[in-house]
Protein chains: 2
Amino acid sequence: MAETADESFGGVTPDAARRLLLGAVDAFAERGFHATTTRDIAGRAGMSPAALYIHYRTKEELLYQISRVGHERSVVILQEAAAVEGGVADRLDFAVRTFVRWHAEHHTTARVVQYELSALEDGHYAEIVSMRRRTEEVLRGLLEDGVAAGEFTVSDVRGTAVAVLSLCIDVARWYRPGGPRTPEEIGALYAGLVLRMVGAPVPVAD
Amino acid sequence: MAETADESFGGVTPDAARRLLLGAVDAFAERGFHATTTRDIAGRAGMSPAALYIHYRTKEELLYQISRVGHERSVVILQEAAAVEGGVADRLDFAVRTFVRWHAEHHTTARVVQYELSALEDGHYAEIVSMRRRTEEVLRGLLEDGVAAGEFTVSDVRGTAVAVLSLCIDVARWYRPGGPRTPEEIGALYAGLVLRMVGAPVPVAD
């Protein structure tokens, strides 16, 4: 069965709380949120169900923490990449590479975060949706910068930003470790495709 | 709760078998495959669990039939669109529009088909994977035709075909009825983006 060693959860303490999150990611990925029991999650973390409740009140709280950490990481990754030195095409290139690589490398976590969103409680759902909006804003900002600089030609910035993010996120669905392309290679391919999508001048050596 | 009225299942007879498939789509979409019971599916179709077993031996057989019909429709849609009269750019444009519109309009079915693939039995899984390969081949064929005709510039045809299909399929994840764009509008936007991805000359009125 899957064994997630997702360093995104490295900051979660104590150790038992982190092990439970990793167990929950694997269980949700394998069986779905609704079919997973807290007993199953505790077992994967080598703990008793009673010990789980010391750290998380409900199964939903585990899903919420996974979604929160996953989205936080992905917003930070995109923000940092979008803020690197260089022209706007270089920044978009780097942002797409980094975001794609993250979704390939963390495909198990990313799938849980994307597929189980509707199982969150209303307040948690609203919080995650606002984090997703931040992600969209970062990408939209890059496209607007490129248009303002005369480097990109994009008629529908909002729709194109949604499409670019969707392309990157869906890597988590189809990516399989050991497939024909490494996460880096997919990132490089996608960065080139996205530069074309926004009408950026593309190097001749295509 | 969701009420799927997916005409993709229109050819399924008798009526009870079709109602059960529609009930299963809704149940799987809401709760996931593993957390859904045949009692729940039967109830949604207004039938008893015993009546369900007249038509489907197992819950997995329902998922298999949903996946088979869903993939068949999507292969046919793409093949027909790719075969219309016109230049290769027009054919790709039409194929993307049609494929995207289908994934928006049938987002509930498409999500089940995409997210629950791993719950299929080995033989069924292999059959569905070979249908997915046919879909990829149709799109790859279009890209190869465009490159051969000197209309597209694509260095990695296989990788680009995967990216284009992924972009279209992921519409089913994020699309919400009543959102800012209709399925037709998303199809038109995406067709333009894909023509750029393959380096096709794009009309100036961008």
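This passage walks through the symmetry, cis peptide bonds, salt bridges, burial and surface charge of a predicted two-chain model.

Start with how the chains relate. In general, two copies of a chain are linked by a rotation about an axis together with a shift along it. Here, a turn of 180 degrees with a shift of 0.0 Å along the axis lays chain B on chain A, and the RMSD is 0.0 Å. That makes the relation one of a two-fold axis. On the chain B side, Ala35(B) has the C-alpha nearest the axis, at 2.2 Å from it.

Next come the cis peptide bonds. In chain A, the bond running from Thr13(A) to Pro14(A) is cis, with omega near -5 degrees. Pro14(A) sits in the segment before α1, the helix that covers residues 15-31 of chain A. In chain B, Thr13(B) and Pro14(B) are likewise joined by a cis peptide bond, with omega about -5 degrees. Pro14(B) belongs to the segment before α1 (15-31) of chain B.

Helix α1 itself turns up again in the salt bridges, of which there are 22 over all chains. In chain B, Asp15(B) pairs up with Arg19(B), and the closest N and O atoms are 2.7 Å apart. Both residues belong to helix α1 of chain B and are four residues apart, so about one helical turn separates them. Neither end of this pair is tucked away: Asp15(B) is partly exposed because its relative accessibility is 38%, and Arg19(B) is partly exposed too, at 34%.

Helix α5 of chain B, residues 88-105, holds another pair with this kind of spacing: Arg97(B) and Asp93(B) are four residues apart, so they are separated by about one helical turn. Their side chains meet in a salt bridge with an N to O distance of 2.6 Å. The two ends fall into separate burial classes. Arg97(B) has a relative accessible area of 33% and is therefore partly exposed, whereas Asp93(B), with 17%, is buried. Salt bridges can also share partners, and in chain A this joins Asp15(A), Arg18(A) and Arg19(A) into one network.

A further bridge in chain A links Glu136(A) and Arg140(A), whose closest N and O atoms are 3.8 Å apart. For a salt bridge the cut-off is 4 Å, so the pair still counts. Glu136(A) and Arg140(A) lie in helix α7 (residues 122-148) of chain A, where a gap of four residues amounts to about one helical turn. Here the acid is the partly exposed end, since Glu136(A) has a relative accessible area of 24%. Arg140(A) is down at 14% relative accessibility and so counts as buried.

On to burial and packing. Helix α6 of chain B (residues 107-115) is mostly covered, with seven of its nine residues buried. The buried set is a mixed bag: His107(B), Thr108(B), Thr109(B), Ala110(B), Val112(B), Val113(B) and Gln114(B). Over in chain A, Ala24(A) is found in helix α1. Ala24(A) is buried because its relative accessibility is 0%. Along the chain, Ala24(A) and Leu62(A) are 38 residues apart, yet their C-alpha atoms are separated by 6.9 Å.

Gly43(A) makes a contrast with Ala24(A) as regards cover. Gly43(A) lies in helix α2 of chain A, residues 38-44, and is partly exposed because its relative accessibility comes to 48%. Leu20(A) is 23 residues away from Gly43(A) in sequence, while the C-alpha to C-alpha distance between the two is 9.0 Å.

Last, the surface charge. Four glutamates of chain A, namely Glu7(A), Glu105(A), Glu184(A) and Glu185(A), form a negative surface patch. Of these, Glu184(A) belongs to helix α10 (residues 183-197) of chain A. The relative accessibility of Glu184(A) is 43%, so the residue counts as partly exposed. Patch members need over 30% relative accessible area, so Glu184(A) clears that cut-off at 43%.

Conventions
Residues numbered from 1 in each chain as written. Chains lettered and ligands numbered in written order. Predicted model: local features only at pLDDT ≥ 70, side-chain atom pairs only at ≥ 80, totals over all residues. Heavy atoms only, no water. Patch = residues over 30% accessible without salt bridge, like charges linked within 9 Å, V, L, I, M, F, W, Y side chains within 5 Å. Areas by Shrake-Rupley, 256 points an atom, 1.4 Å probe, with all protein chains shown as cover. Lys, Arg positive; Asp, Glu negative; His and termini not counted. Charge placed at Lys NZ, Arg CZ, Asp CG, Glu CD. Helix = DSSP H or I, 4+ residues; strand = E, 2+ residues; numbered from the N terminus. Buried < 20%, exposed > 50% of the residue type's maximum accessible area, 1.4 Å probe, protein only. Least-squares fit on C-alpha atoms with pLDDT ≥ 70 in both.
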